[in-house]
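I opened a new notebook page for this entry. My plan was to look up confidence, symmetry, interfaces, core and cysteines, in that order.

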Protein chains: 6
Amino acid sequence: MDDEAIKKRTKETADRLFGKGVKMDPPYLMWREFDRGLANDLSKFITGNLYSRTVLTLPERQMAACAMLAALRAGDELRLHVNAALNVGCDPTKLAEIFFQVATYAGMPAVNEALGVFRDVLKERGEWPIK
Amino acid sequence: MDDEAIKKRTKETADRLFGKGVKMDPPYLMWREFDRGLANDLSKFITGNLYSRTVLTLPERQMAACAMLAALRAGDELRLHVNAALNVGCDPTKLAEIFFQVATYAGMPAVNEALGVFRDVLKERGEWPIK
Amino acid sequence: MDDEAIKKRTKETADRLFGKGVKMDPPYLMWREFDRGLANDLSKFITGNLYSRTVLTLPERQMAACAMLAALRAGDELRLHVNAALNVGCDPTKLAEIFFQVATYAGMPAVNEALGVFRDVLKERGEWPIK
Amino acid sequence: MDDEAIKKRTKETADRLFGKGVKMDPPYLMWREFDRGLANDLSKFITGNLYSRTVLTLPERQMAACAMLAALRAGDELRLHVNAALNVGCDPTKLAEIFFQVATYAGMPAVNEALGVFRDVLKERGEWPIK
Amino acid sequence: MDDEAIKKRTKETADRLFGKGVKMDPPYLMWREFDRGLANDLSKFITGNLYSRTVLTLPERQMAACAMLAALRAGDELRLHVNAALNVGCDPTKLAEIFFQVATYAGMPAVNEALGVFRDVLKERGEWPIK
Amino acid sequence: MDDEAIKKRTKETADRLFGKGVKMDPPYLMWREFDRGLANDLSKFITGNLYSRTVLTLPERQMAACAMLAALRAGDELRLHVNAALNVGCDPTKLAEIFFQVATYAGMPAVNEALGVFRDVLKERGEWPIK
């Protein structure tokens with residue numbers, strides 16, 4: 001794929017994931033403050049390449065991303081991706097269920113951090129409590 | 001739910017997940033060697049209660065479990081659950097895609113460990129290479 | 001054991017652990033906001049079943065819990081459990097010693113986070129400095 | 001304390017912890033192959049200083065060490081310390097209980113790794129099954 | 001080396017690392033509030049012994065320390081050591097590059113946390129943006 | 001940069017890092033068995049893009065990579081990169097020093113795993129003991 005096509009796809013995928021919901025500074029802006037060229041390469045690789053593959057639908061990909069970030073107790077990143085998950089139509093009840101399931105593999109500290117982040121994001125989106 | 005019903009559901013869910021594919025000693029047998037009562041309680045809680053909830057389908061649950069275990073670099077447990085994922089009908093191409101996506105959140109050591117475990121399990125099941 | 005007995009034991013153990021000292025919202029309240037049934041099952045399993053076993057005394061169990069949470073750098077959960085440890089009579093000097101010992105197994109970032117949490121809890125309880 | 005006294009205490013504490021049970025190469029021997037001076041300093045600091053403090057008894061210290069190493073899924077180190085725990089008189093039933101309790105804070109992969117290591121060590125010591 | 005010489009070297013190395021730049025309470029002060037003797041032993045071992053060895057120059061040591069702390073997502077400790085790295089003359093562009101490289105081994109959550117901490121420290125030192 | 005140039009640079013950097021010393025299957029071969037296109041994209045991004053940047057020299061980059069992998073206890077990946085570090089001319093005494101320094105940030109289990117991997121690689125290369 002040529003560079004223009006990747007740039008276009010990066011932008012489209014980024015918009016679908018991060019274009020609405022809770023307002024947050026995407027990490028891309030910080031990367032760019034350190035190194036503009038590398039920021040673009042990272043963004044094109046992660047968003048334009050990996051995230052734009054169609055083997056998984058975007059909701060399937062976000063379910064997996066949220067599961068991983070919860071298990072890793074990466075709260076700031078989870079905040080970004082739980083919002084993206086809701087943006088692409090993931091069912092909030094299923095997301096909560098995954099966060100409870102984290103108990104089995106990563107223990108209760110991970111469950112509690114993930115549910116706390118999730119509740120905050122739902123509140124900021126005006127979608128709390130889950131119907 | 002009464003105790004008999006939970007025992008029955010524990011057994012049914014365990015059979016669907018672990019009843020075929022690669023032969024492995026389930027951790028339950030080791031738990032029982034240490035403490036029979038606690039082993040039963042753990043099994044009933046995890047398999048009979050958490051894993052038998054229907055908010056997520058079993059394939060959805062296994063996709064999430066495999067994502068978490070790969071991110072946590074828990075190879076032995078992943079071996080068990082990637083086999084279970086295939087048993088309940090998860091698409092192996094989607095599982096591989098999730099393991100590649102681990103790169104973004106947990107780095108390449110986690111990707112490489114997960115793909116290695118997955119390839120071993122597929123070989124033992126006679127399902128390698130993925131069609 | 002029947003369900004009423006487990007509920008009773010869950011409540012008794014929870015009261016001993018979390019009934020005094022620093023005021024914190026127990027995770028149980030958040031679980032319940034997401035799923036009342038699952039929250040009760042989790043609570044009955046962790047507090048009423050695991051934590052009510054008598055192979056370890058409650059102080060022994062809390063020493064182990066604080067050791068693990070410090071090593072895992074799970075600060076929020078440690079805050080809850082260091083307070084519970086003091087509630088059930090753990091010696092604060094021994095708790096501090098365990099947090100220093102974390103150096104050997106998990107490094108100084110874990111030591112520093114644990115001691116920081118511990119000092120905060122002791123201050124809020126009016127038990128700082130340790131006599 | 002003068003250097004001779006620390007050397008003596010290092011040796012005494014090391015003997016109590018690692019002097020019997022399962023035969024293993026202590027990490028100290030490997031450190032020394034890389035740097036003899038640093039190996040001695042590390043050993044004197046960890047074993048002669050930290051581990052020889054009397055705020056915790058050696059069995060209390062080993063219970064905490066085993067809890068941490070299980071939670072961190074550090075199997076090789078756990079093998080060393082679970083053997084040391086048995087050498088200084090820790091109750092094997094209490095050790096098993098701590099490994100089950102790891103479920104709450106670090107999830108089942110950590111429980112399964114710890115119980116597996118523990119069972120191996122007990123077998124090598126001829127102390128399996130636990131009476 | 002005699003005790004006076006180690007104390008002197010501990011102080012000299014500590015001054016070079018932490019004596020200027022962003023004002024932070026060094027963990028040593030907190031250790032001392034818990035146990036003065038152990039605080040001195042820890043400080044003499046880590047700063048006076050390990051950190052004063054000359055196999056690595058101080059800038060090389062700080063590059064490695066920052067790489068590890070970023071990979072471990074130990075933000076508070078990283079803040080201390082990124083400031084120390086700048087104090088001993090590490091090139092900020094190389095530090096940023098290391099934080100981007102963390103992507104490969106520990107994933108983007110670790111990258112984002114490290115760059116965020118680094119940017120804050122540079123701002124407080126009046127050295128932002130990097131020239 | 002056009003695609004041919006990146007392919008060429010990917011190959012050159014890969015050869016310098018992994019072209020001699022201990023014989024190991026590079027993860028790239030496994031990636032390709034799962035997905036040829038994605039394997040090439042990953043390789044071009046990590047090796048051809050990130051690793052070919054010149055802000056850090058290759059030896060500086062490998063020192064940082066080894067520090068991170070040791071801290072993360074990622075032994076298989078460390079094996080690959082410690083060999084690459086020696087291939088690009090890193091001083092083995094400095095590498096050992098970094099692995100000892102891991103003690104401060106990630107504890108002794110990480111030190112012991114890293115030194116064990118390092119000693120194995122040095123032996124296979126016929127470069128043990130370090131002169």
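The entries below follow that order.

**Confidence.** I noted before anything else that this is a predicted model. I looked up the global scores and found an ipTM of 0.96 and a pTM of 0.97. For chain A, I read an average pLDDT of 96, with 99% of the residues scoring at least 70.

**Chains A and B, symmetry.** I superposed chain A on chain B and got an RMSD of 0.0 Å, from a turn of 180° and a shift of 0.0 Å along the axis. I logged this as the relation of a two-fold axis. I then asked which C-alpha of chain A is nearest the axis. It is that of A:Met68, at 2.4 Å. I also checked the surfaces in contact: 100% of the contact residues of chain A recur in chain B, so the same surface serves both copies.

**Chains A and B, interface.** I found 26 residues from chain A and 26 residues from chain B in the contact. The buried area came out at about 2,500 Å², with 68% of it from carbon and sulfur atoms. On the chain A side, I listed A:Met68, A:Glu97 and A:Tyr105, which supply 29% of the area that chain A buries against chain B, more than any other three residues. A:Met68 had already come up as the residue whose C-alpha is nearest the axis in chain A. I looked for salt bridges across this interface and the rule gave six. One that I wrote down joins the side chains of A:Arg53 and B:Glu97, at 2.8 Å from N to O.

**Chains C and E, symmetry.** I repeated the superposition for this pair. Chain C goes onto chain E by a rotation of 120° with 0.0 Å of shift along the axis, at an RMSD of 0.0 Å. That is the relation of a three-fold axis. In chain C, I found that C:Arg73 comes closest to the rotation axis, with its C-alpha at 5.9 Å. Do the copies use the same or different surfaces? I recorded different surfaces, as 7% of the contact residues of chain C recur in chain E.

**Chains C and E, interface.** I found 14 residues of chain C in contact with 14 residues of chain E. The two chains bury about 1,300 Å² between them, and 70% of that is on carbon and sulfur atoms. In chain C, the residues that lose the most area to chain E are C:Phe100, C:Met108 and C:Asn112, together 40% of what that side buries. I found one salt bridge across this interface. The side chains of C:Arg119 and E:Glu33 meet in a salt bridge at 2.3 Å, N to O.

**Core.** I looked up the largest nonpolar core and found 300 residues in it. The residues with the most contacts inside this core are A:Phe99, B:Phe99, C:Phe99, D:Phe99, E:Phe99 and F:Phe99. I took F:Phe99 as my example. Leaving aside neighbours within four places in sequence, its contacts include F:Cys66, F:Leu78, F:Val111 and F:Phe118.

**Cysteines.** I searched the whole structure for disulfides and found zero over all chains. Why is E:Cys66 without a bond to E:Cys90? The sulfur of E:Cys90 is the closest to that of E:Cys66, but at 6.7 Å it is too far for a bond. I noted that E:Cys66 is buried, with a relative accessible area of 0%. F:Cys66 is in no disulfide, and the nearest cysteine sulfur, that of F:Cys90, is 6.7 Å away. F:Cys66 is buried, with a relative accessible area of 0%.

Key: Residues are numbered from 1 along each chain as its sequence is written. Chains are lettered from A and ligands numbered from 1 in the order in which they are written. This is a predicted model: local features need pLDDT of at least 70, side-chain atom pairs count only at pLDDT 80 or more; totals for chains, interfaces and linings use all residues. Side-chain values use heavy atoms; hydrogens and water are left out. Copies are superposed by least squares on the C-alpha atoms of residues with pLDDT of at least 70 in both. Contact means heavy atoms within 4.5 Å. pLDDT is the predictor's confidence in each residue, from 0 to 100. A disulfide is a pair of cysteine sulfur atoms within 2.5 Å. Buried means under 20% relative accessible area, exposed over 50%, partly exposed in between (1.4 Å probe, protein chains only). A nonpolar core is a set of buried Ala, Val, Leu, Ile, Met, Phe, Trp, Tyr and Cys residues joined through side-chain atoms within 4.5 Å. Buried area is the accessible area (1.4 Å probe) that two parts lose on being put together, summed over both. A salt bridge is a side-chain nitrogen of Lys or Arg within 4 Å of a carboxyl oxygen of Asp or Glu.
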